[in-house]
Amino acid sequence: MAESELRTITGVFRKDHEEVGRLLAALDFSTFGKALAGAEAFARRLERHMAWEEEVLFPAVGRAEPSLAREDLPVLRAEHARLRWLSAEVLGLLRERSPKAERRAAELCEFLAEHSAKEDALVYAAGDRALSPAEAGEVLAAVELSAARSRL
Ligand SMILES: [Fe+2]
Ligand SMILES: [Fe+2]
């Protein structure tokens, strides 16, 4: 990806989607300990990503495009609740060493991919289209600061 593309909403958030998705897809179920460690790392990154969206990106895009704030952003926020629930389920099943954990992780992986594709098409594209360069710069600066602080 070109450096200029990385400094767009789509570039930054799509890259994070790829990294978060890879952590989940790479879970090693050969032992519960390995799967749990991987799932915990995934859950931290997922939570950070959703916080960037809920606290920074969605409010900015919603102000710029009120129709998104009315129709699509509430759906995406509800999907975040389901992602949190599924992620907590996977962690819980792994802690109790349940063989159901792998199936739940696959379900989470599928739902996360659908959610991410929807955001990419609806919200990230709108962010790059509707935010002024100053507004987009504020969003990206907040994300970069959070990334530097959390070091995940
Ligand atoms: Fe999201
Ligand atoms: Fe996202």
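How many helices and how many strands are there in the protein chain? In this predicted model, the chain contains 6 helices and 0 strands. Read along the sequence, the elements accordingly follow the pattern α-α-α-α-α-α. The radius of gyration is 16 Å, close to the 15 Å given by the globule rule for 152 residues, so the chain is as compact as a globular protein of that length. Along the principal axes, the C-alpha atoms occupy a box of roughly 50 × 30 × 25 Å. Of the 152 residues, 26% count as buried. Among contacts with a separation of 6 or more, 69% are accounted for by residues 24 or more positions apart.

Three helix pairs that involve α3 were examined in turn. Helix α2 spans residues 9–25, and helix α3 spans residues 32–64. The axes of α2 and α3 come within 8 Å and cross at roughly 155°. Since an angle over 145 degrees counts as roughly antiparallel, α2 and α3 are therefore roughly antiparallel to each other. The crossing of these two helices is left-handed. On the α2 side, the contact is formed by Ile9, Asp16, Glu19, Val20, Leu23 and Leu24, which meet Gly38, Ala41, Phe42, Arg45, Leu46, His49 and Leu57 of α3. By residue class, this contact divides into 8 nonpolar, 2 polar and 3 charged residues.

Phe42, one of the α3 residues in that contact, illustrates the environment on this side of the helix. With 26 C-beta neighbours inside 10 Å, Phe42 counts as buried, because the threshold for burial is 20 or more. Apart from residues up to four places away in sequence, Phe42 touches Val20, Leu23 and Leu24, and these three residues also appear in the list of α2 residues that meet α3. By contrast, Phe42 and Asp120 are 78 residues apart in sequence, with their C-alpha atoms 20 Å apart in space.

The pairing of α3 with α4 (66–95) was considered next. The axes of α3 and α4 come within 10 Å and cross at roughly 165°, which makes α3 roughly antiparallel to α4. The crossing is again left-handed. From α3, the contact draws on Phe32, Ala35, Leu36, Ala39, Glu40, Ala43, Leu46, Met50, Glu54, Phe58, Val61 and Gly62. From α4, the participants are Leu68, Ala69, Leu73, Arg77, His80, Leu83, Ser87, Val90, Leu91, Leu94 and Arg95. The residues of this contact divide into 16 nonpolar, 3 polar and 4 charged.

Within this second contact, Leu36 of helix α3 provides a specific example. Leaving aside neighbours within four places in sequence, Leu36 is in contact with Leu94 and Arg95. The C-alpha atoms of Leu36 and Arg95 are separated by 7.1 Å, although the two residues lie 59 positions apart along the chain. With 18 C-beta neighbours inside 10 Å, Leu36 counts as partly exposed.

The third pair consists of α3 and α5, the latter covering residues 101–130. These helices pack at an angle of about 25°, with their axes 11 Å apart. As angles under 35 degrees count as roughly parallel, α3 and α5 are therefore roughly parallel to each other. Their crossing is left-handed. The contact involves Ala35, Leu57, Val61 and Ala64 of α3 together with Ala101, Val123, Ala126, Gly127 and Ala130 of α5. Of the residues in this contact, 8 are nonpolar, 1 is polar and none is charged.

Two arginine residues complete the description. Arg97 lies in the loop between α4 and α5. This residue has a positive phi of about 55° although it is not a glycine. Most residues other than glycine have a negative phi. Arg97 counts as exposed, with 12 C-beta neighbours inside 10 Å. Arg103, found in helix α5, likewise has 12 C-beta neighbours inside 10 Å and counts as exposed. Arg103 and Glu79 are 24 residues apart in sequence, and the distance between their C-alpha atoms is 19 Å.

Conventions
Residues numbered from 1 in each chain as written. Chains lettered and ligands numbered in written order. Predicted model: local features only at pLDDT ≥ 70, side-chain atom pairs only at ≥ 80, totals over all residues. Axes fitted to C-alpha atoms, helices over the stretch in contact; angles between N-to-C directions. Helix = DSSP H or I, 4+ residues; strand = E, 2+ residues; numbered from the N terminus. Parallel < 35°, antiparallel > 145°, perpendicular 65-115°, else oblique. Left-handed = near helix turned anticlockwise from the far one by under 90°. Contact = placed C-beta atoms within 7 Å. Nonpolar A, V, L, I, M, F, W, Y, C, P; charged D, E, K, R; others polar. Rg over C-alpha atoms; globule rule 2.2 N^0.38 Å.
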